[in-house]
Amino acid sequence: MRRFAFLFLLSFSLLTLSAFSQTKHPFTFEDMMKLKRVGEPVPSPDGKWVLFAAVDVDLAANKKTSHIWIVPLNRAVESGHSPIQTERVLIADQDGDRPRWAPDGKRFAFISNKEGGSQVWIAEFDGAAGTVSDKWRQTGIATEASGEIWSPDGKNILFTSDVYPECNTPRSGNDEDCNAAKLKEAENSKTRALVFDRLLYRHWNAYKEGKRSHIFVTEFRQKDEARPACVVTACLPGMQCCPSRYRDLTPGDYDAPVFSLGGQDNYAFSPDGQEICYTSNHDKVEATSTNNDLWIVSVNGGAAKNITADNPASDSTPLYSPDGKYIAYRAQQRPGYESDRFRLMLYDRKTGRKKDLTPNFDRWVDAIAWDPGSKMIYFSSANAGQSPIYKIALDGANAIKEIAGGGYDDDISVIDGGRTILYTHMSIASPTNIFMSGVSLVNNKNCTVDAFSPPGFPPSYETPDCALPKASSLTHLNDAVLSQAAMAPIEPFWFPGAFAERVHGFLVKPPNFDPNKKYPLKFIIHGGPEVPMGDLWSYRWNAELFAASGYVVVMINFHGSPGYGQKFIDEINGDWGGAPFEDLMKGLDYAEKTYPFIDSGRECALGASYGGYMANWVLGHSDRFKCIVSHDGMFNTVSAWGTTEELWFNNWEFKGTPYTNPEMYEKWSPRNSALKFKTPTLVIHGQLDYRLDVSEGLQLFATLQTMGVPSKMLYFPDEGHWVLKPQDSQLWYKTVNDWVDRWTK
């Protein structure tokens, strides 16, 4: 009996200890820094392997390092089970990013900073063992290289580099040497002064310094393979004789490709490897223009041809069909409006005709991918806080079918003869992972989406939830960290907002939630403003991390947010403090009435970029919040116009300039309500933010201080519009959370 009692107590103790050891803790900043940031899937030509880059964060060293990983592709999709084998680091002894397979699959290119800054490297690949047998640096260009892709015949590698346009002229000599000399001259100069003679002299977080982004091509060479000797038979003084190792395919005083914050490449090879298509803006005043055009040029150089000159708005992200007959791309229709609807277009290379494949699809087309048979195009598109994957056939009635519902799906690859797709997927409780699914197994019942109705009652524009039932995750790098962290799923809600239209909101509860308790609230206002909130992961404004310290988090997709039709987006134009503010206040009213666990007396509003503008607007138009956090927000609409770089944005949103439409700028300027400022406010701004100059934050802080409003400013001398350095991010979260705690707990 005593032995039985002893065993019972021992078993009970072990079970209790096991349960205790499995108890999850609230998600922490340190947890977030342990997560690996998974990049896009790059399947091998034989369909057996997937390469991807993943970023490691070293908080103590205050740096991020990307490495190349590999995971085997098996037929897990056919059984519905996860792959048996797991992912692993492929190149551990150096950094690596953006892997790209050679057409024969025997090697791949990648970008590394190991020697000479950012350069293209080559890795020899053993397909049987799944290992790298050798690697070497392919480029050594002084202006550095990025964005590499292989020509389809494997003979050439294309890359981009920021160069001095005057170095590619008949009398500039070897342009490679010319660029190196100019870089050295700038480095050795005793002055750092710059001279401008046009706008867009700086962009986002850097000055252009007279350089342009150009596309280069270089011949692929094996390790230690010598270049052919240059034989000079006739050469005039000052003329370029021996050619550079790198041929500039887009010479001239233009950016080609245009600047991009990420996403799909703005250039591509034709299937025969003899032509490239790229995006470039040749308008005289780039700072006021969104007129990106598609250009084609031979890989042997020569004059480029503009194939979208008939469209005064943006054309971008070209992608040749595998059979070479078409170029698919995204286009907008209204010049000067960066948030116009992105349509999926098809250019016939033989006839030059263009066709809009999505005339009735009232959403933005994002990432695109061709089916191997050139009969189908897959694309992702934001819809009601998510981003499903759709497919459309080139023939027939162009019916659009949703094939993958769920959180933000992007970076699509179609493999296995069109039977399988790879894509990235995230949610509010999980960062990006790579998923695989068999397209043939998709249940397409009730998934046809021929047109969307505008937002209203009832929400007839919502698409059905068409899941990929056999989808499986190929990557599990973060499972161990996430399994120990307590995180709540996102909870959507709808409410009547401005114009009596339904508006979408989201709520996240704190860990160990008790419905009988009252919780303080963090009210997150998104930026953009044409950037939606939803079931997506963020490292900069992480809703789970905000909730982890005992807060309910509420977010609203106010008018101006994508995913609800173009009319819903357009209704913010010229109405920055109108309908969006009404949506936010009505959404918060709804949440307070619907969720009794929200303590309406302990609420703080937080926002960045447009969210920072709206935080400043709320500061002068509402006293309901106990505190405010304004990060990189517009305070003075007139000075913000004069100090930003992308003037087209302000010109469109405020329907002119401060000189042609001063009433609009004065109407929506937060500074004009400064006498009403009372709420304690934390101001945050970065010196290198050129979208919203640091002077906006300084003006706001000076106003708050002189008016006696409790306020504090967090200033980053080496950050731009986003706080990216790990320890800066740590300080940001601590400062923000401490400020909210001070006024709400």
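Start by selecting aspartate 97 and isoleucine 111: isoleucine 111, in strand E8, is the bridge partner of aspartate 97. The model on screen is a predicted one.

Widen the selection to residues 97-101, which make up strand E7. Four of its five residues are buried, so strand E7 is largely enclosed by the rest of the structure. Now add residues 107-112, strand E8; three bridges join E8 to E7, and the two run antiparallel. Together E7 and E8 form a hairpin, with five residues between them. Pick out glycine 105 in the turn, where phi is positive, at about 75 degrees.

Next, go to residues 420-427, strand E30, and select serine 427. Is serine 427 buried or exposed? Its relative accessible area is 17%, and because buried means under 20%, serine 427 counts as buried. Show what surrounds serine 427: leaving out residues up to four places away in sequence, it touches Asp535, Leu536 and Trp537. Then select serine 538 and compare C-alpha positions: the C-alpha atoms of serine 427 and serine 538 are separated by 9.2 Å, although the two residues are 111 apart along the chain.

Stay with E30 and bring in the rest of its sheet. Four strands form an open sheet, in the order E29-E30-E31-E33, with antiparallel pairing. Which strands stand at the edges? They are E29 (410-415) and E33 (472-473); each has a single partner strand, so one side of each is left without a neighbour in the sheet. To see how E33 is attached, select E31, residues 430-438: E31 and E33 pair over two bridges in the antiparallel sense. Methionine 436 has serine 472, in E33, as its bridge partner.

Now turn to the nonpolar interior. Select Phe523, Val554, Met555 and Trp732, which touch the most other members of the largest nonpolar core, a set of 101 residues. Helix H9, residues 610-621, supplies the largest share of this core, with seven residues. Another core lies apart from it; this one has 15 residues, including Val120, Phe159, Val163 and Phe220.

Return to tryptophan 732 and display its contacts. Beyond its neighbours within four places in sequence, tryptophan 732 is in contact with Arg540, Trp541, Phe546, His631, Ile684, Leu714, Phe716 and Val723.

Finish at the surface. Select Leu194, Phe196 and Tyr207, which make a nonpolar patch of about 260 Å². Leucine 194 sits in the loop between helix H4 (175-188) and strand E13 (202-203). With a relative accessibility of 39%, leucine 194 counts as partly exposed.

Definitions and conventions:
Residues numbered from 1 in each chain as written. Predicted model: local features only at pLDDT ≥ 70, side-chain atom pairs only at ≥ 80, totals over all residues. Heavy atoms only, no water. Patch = residues over 30% accessible without salt bridge, like charges linked within 9 Å, V, L, I, M, F, W, Y side chains within 5 Å. Areas by Shrake-Rupley, 256 points an atom, 1.4 Å probe, with all protein chains shown as cover. Salt bridge = Lys/Arg side-chain N within 4 Å of Asp/Glu carboxyl O. Buried < 20%, exposed > 50% of the residue type's maximum accessible area, 1.4 Å probe, protein only. Core = buried A, V, L, I, M, F, W, Y, C linked by side-chain atoms within 4.5 Å. Contact = heavy atoms within 4.5 Å. Pairing = 2+ DSSP bridges.
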